Amino acid sequence: MKVLERNKILIVDDAPTALDILRRNLSSQDYQVFTASNVSDAVKILESVPINLVITDYKMPKISGLDLIRHIRENFYETEVIMITGYASVKGAVEAVKMGAEEYLTKPFTDEELFHAVERALNKQELRRIVQAEKPRFSDSYGIVGKSRLVRKMLADIEKASKSNATVLVLGESGTGKELVARAIHYSSRRASAPFVPVNCGAIPEKLLESELFGYVKGAFTGANESRAGFFQTADGGTILLDEVNEMSIAMQVKLLRVLQDKQVCMVGDRKSRKVDVRIIASSNKDLRGLVNKGVFREDLFFRLNVVTITVPPLRNRPEDIADLIAHFTGKFADELGKNLPTFSDEVVQALMGYAWPGNIRELENLIQRLIIMTDGQKIEITDLPSVMRFSITPGSVPFRPLAEEEAAYIRRVLASVGGNKSRAAEILRIDRKTLRDKLKPNDSEINIATKKNNKSV
Ligand SMILES: Nc1ncnc2c1ncn2[C@@H]1O[C@H](COP(=O)(O)OP(=O)(O)OP(=O)(O)O)[C@@H](O)[C@H]1O
Ligand SMILES: [Mg+2]
């Protein structure tokens with residue numbers, strides 16, 4: 001039996017016999033089948049029933065299957081499409097893939113091929129749903145924890161970037177949150193309902209990168225038995241993150257530059273480029289400018305990518321955020337692992353605040369996870385920390401600073417020591433929760449830039 005919510009298939013074909021055969025075949029497999037003999041009837045059905053998958057013929061009088069696919073991609077984002085072509089037409093297939101069909105079948109095809117294509121398309125839909133459910137929920141700060149001046153500046157930059165379509169370059173050391181920033185831009189932009197596609201350029205072998213990014217047409221190379229969409233086609237309407245863009249070879253850099261200039265992508269083996277509507281965000285943990293000077297990164301590409309730059313500061317430059325991050329990750333992992341909120345000894349908090357965090361937020365996140373597993377929700381003592389961190393307590397080395405700042409830092413330390421539990425912190429500090437909240441509020445006006453809803457586009 002097919003799972004109920006994913007079994008509604010609409011078949012669109014102007015030939016009554018073909019329609020009938022497909023209907024009988026798929027009904028026998030427990031799919032709930034709807035049929036239409038033209039595109040306008042199909043659209044009516046799509047508007048009244050939540051269809052999971054559309055199987056459409058390519059050639060139809062009046063309005064073609066391609067127009068139907070285009071309509072589905074624009075209006076029914078979740079619906080999958082399989083296109084049937086009457087003859088082995090590369091052009092039709094490529095167009096179909098480009099328009100957003102998941103699969104195409106060339107007539108004649110066997111029942112087996114049909115069922116496989118249907119299952120593949122439905123599985124893909126299910127996967128996308130799961131991914132979407134796990135998509136971070138963003139409040140005003142898009143899931144980015146921290147109140148330091150540097151983080152507030154970054155949030156303001158993200159907000160500005162999300163209102164434009166400009167290419168963004170995100171720079172920062174490893175583990176600082178570059179991908180989080182890229183996601184925040186995408187999910188707060190108008191493209192939020194289209195895909196966000198992160199591609200780690202450093203992890204894909206040089207030889208494969210071009211076909212992975214741009215896709216390929218059938219026969220482009222040995223083994224290319226069918227056309228396949230690349231990351232750029234998948235991201236159409238959305239955003240692509242070219243992570244570790246500095247790892248791209250010079251040859252690939254030239255190809256990427258062309259995409260940026262023409263807004264067109266050429267599938268490997270295809271003679272024509274096709275338009276794509278993709279916002280590009282690139283990230284690098286190396287100083288790209290420096291790489292340009294060394295001659296290993298093209299200057300023209302650097303300028304194209306560097307329209308808007310967001311620099312994610314290393315954690316050691318924003319120690320004010322450490323306590324908030326400890327509280328955030330403690331809550332997250334205690335919850336996920338079903339453990340009690342642990343408490344941190346004062347010494348531990350001091351050590352963590354004094355540590356340099358070469359692995360930045362990822363290192364902090366991993367440490368908290370490990371501590372919660374190891375200490376099983378009990379009190380965390382200095383001996384639980386790795387030795388490099390134990391020696392980072394430097395009493396008396398803090399420079400003088402305003403009382404309010406010192407007070408806020410102290411409150412954060414107390415908060416972190418009780419795993420972010422505000423009532424416990426207020427108890428220890430002998431103040432009420434409201435006072436606690438007030439004292440933690442940043443008192444300059446900068447924060448409003450990041451959180452205020454500003455409808456004017458940039
Ligand atoms: N400000 C933040 N608040 C909460 N979580 C954060 C923050 N910044 C980063 N993280 C978390 O830290 C981890 C590392 O972040 P991310 O993967 O975005 O870093 P990165 O800069 O892309 O690292 P790399 O260069 O290694 O790819 C992720 O789990 C991310 O959710
Ligand atoms: Mg990353």
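**Close-up views of a predicted model**

**View 1. Backbone contacts of ligand 1.** An oxygen atom of ligand 1 lies 3.4 Å from a polar backbone atom of Thr176. This is a predicted model. Gly177 also brings a polar backbone atom to ligand 1, 3.1 Å from an oxygen atom of the ligand. At Leu180, a polar backbone atom is again 3.1 Å from an oxygen atom of ligand 1. Taken alone, ligand 1 exposes 630 Å². The protein buries 84% of that area.

**View 2. The shell around ligand 1.** Three helices each give two or more residues to this shell: H7 (178-187), H13 (322-337) and H15 (360-375). In total, 17 residues surround ligand 1. The closest are Val145, Gly175, Lys178, Arg362 and Glu365. What is the chemical make-up of the shell, in nonpolar, polar and charged residues? Six residues are nonpolar, six are polar and five are charged. Two domains contribute at least three residues each: domain 2 (149-313) and domain 3 (317-447).

**View 3. The open sheet S2-S1-S3-S4-S5.** Five strands make up this sheet, and their pairing is parallel. Strand S2 (32-36) and strand S5 (103-106) stand at the edges. Each of these two has a single partner strand, so one side of each is left without a neighbour in the sheet. Neighbouring strands are turned against each other by 20 degrees on average, direction ignored.

**View 4. The S4 and S5 pair.** Strand S4 (residues 80-85) runs parallel to S5. Four bridges join the two strands. Which residue of S5 is the bridge partner of Met83? That partner is Tyr104.

**View 5. The open sheet S7-S8-S11-S6-S12.** This sheet has five strands with parallel pairing. Its edge strands are S7 (196-200) and S12 (308-312). Each edge strand pairs on one side only. From one strand to the next, the twist averages 20 degrees.

**View 6. The S6 and S12 pair.** Five bridges join strand S6 (residues 168-172) to S12. The two strands run parallel. Val168 stands opposite Val308, a residue of S12.

**View 7. Both ends of helix H18.** Asn421 caps the N-terminal end of H18 (residues 422-429). A side-chain oxygen of Asn421 lies 3.1 Å from the backbone nitrogen of Ser423. Just after the helix comes Arg430, with a positive phi of about 55 degrees.

**View 8. A cis peptide bond before Pro108.** Most peptide bonds are trans. The bond from Lys107 to Pro108 is cis. Its omega is near -5 degrees. Where is Pro108 found? The residue sits in the loop between S5 and helix H5 (111-133). S5 is also an edge strand of the sheet in View 3.

**View 9. A positive phi at Asp30.** Most residues other than glycine have a negative phi. Asp30 has a phi near 70 degrees, a positive value in a residue other than glycine. Asp30 is found in the loop between helix H1 (16-27) and S2. This loop therefore leads to a strand at the edge of its sheet, S2.

Technical notes. Residues numbered from 1 in each chain as written. Chains lettered and ligands numbered in written order. Predicted model: local features only at pLDDT ≥ 70, side-chain atom pairs only at ≥ 80, totals over all residues. Heavy atoms only, no water. Near = heavy atom within 4 Å. Polar contact = N/O pair within 3.5 Å; in protein donor to acceptor, adjacent residues only side chain to side chain. Areas by Shrake-Rupley, 256 points an atom, 1.4 Å probe, with all protein chains shown as cover. Nonpolar A, V, L, I, M, F, W, Y, C, P; charged D, E, K, R; others polar. Domains from an automatic or database assignment. Pairing = 2+ DSSP bridges. Axes fitted to C-alpha atoms, helices over the stretch in contact; angles between N-to-C directions.
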